[in-house]
Amino acid sequence: MAIFTKGMVVQLVSGGPKMSVTDVGDYSPLRSSDGVNCVWFDAKNIKCEDVFDAAVLKEYVEPSINLRMSR
């Protein structure tokens, strides 16, 4: 399992928006014991916040742009 810390930028393993980690901890019994609290802005620029199990998150990596020039 990856180690998440406050301030990291993460994303769901399945994709989705970039999210900022605001807290990491035990959110049981209602949530995960390996919970990661995240905030992000939706398409309408509304602030969203939720707790995710650490197992469904990965560190966000900016996609690289491959600019191959044809000859």
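Let me start with confidence. Among the chain's helices and strands, confidence is lowest in strand 4, residues 47–53, with a mean of 95, and highest in strand 1, residues 9–12, at 98. Keep in mind that this is a predicted model. Over the chain, the mean pLDDT is 90, and 93% of the residues reach 70 or more. As a general caution, where pLDDT is low, the predicted coordinates should not be read in detail.

Now to one residue, asparagine 37. Asparagine 37 sits in strand 3, which covers residues 35–41. Is asparagine 37 buried or exposed? Its relative accessible area is 9%, and buried means under 20%, so asparagine 37 is buried.

What does its side chain touch? The side chain of asparagine 37 makes a polar contact with the side chain of glutamate 49, at 2.7 Å. Setting aside neighbours within four places in sequence, asparagine 37 is in contact with Ser20, Val21, Thr22, Asp23 and Tyr27, and also with Glu49, Asp50 and Val51.

Next, the cysteines. How many disulfides are there in the whole structure? The search finds zero. Cysteine 38 is in no disulfide, and the nearest cysteine sulfur, which belongs to cysteine 48, is 12 Å away. A disulfide needs the two sulfur atoms within 2.5 Å, so at 12 Å this pair does not count. The statement holds from the other side too: for cysteine 48, the nearest cysteine sulfur is that of cysteine 38, at 12 Å.

As for accessibility, cysteine 38 is buried, at 0% relative accessibility. Cysteine 48, at 18%, also counts as buried, because the cut-off is under 20%.

That is the end of my part.

Definitions and conventions
Residues numbered from 1 in each chain as written. Predicted model: local features only at pLDDT ≥ 70, side-chain atom pairs only at ≥ 80, totals over all residues. Heavy atoms only, no water. Helix = DSSP H or I, 4+ residues; strand = E, 2+ residues; numbered from the N terminus. Buried < 20%, exposed > 50% of the residue type's maximum accessible area, 1.4 Å probe, protein only. Polar contact = N/O pair within 3.5 Å; in protein donor to acceptor, adjacent residues only side chain to side chain. Contact = heavy atoms within 4.5 Å. pLDDT = per-residue confidence, 0-100.
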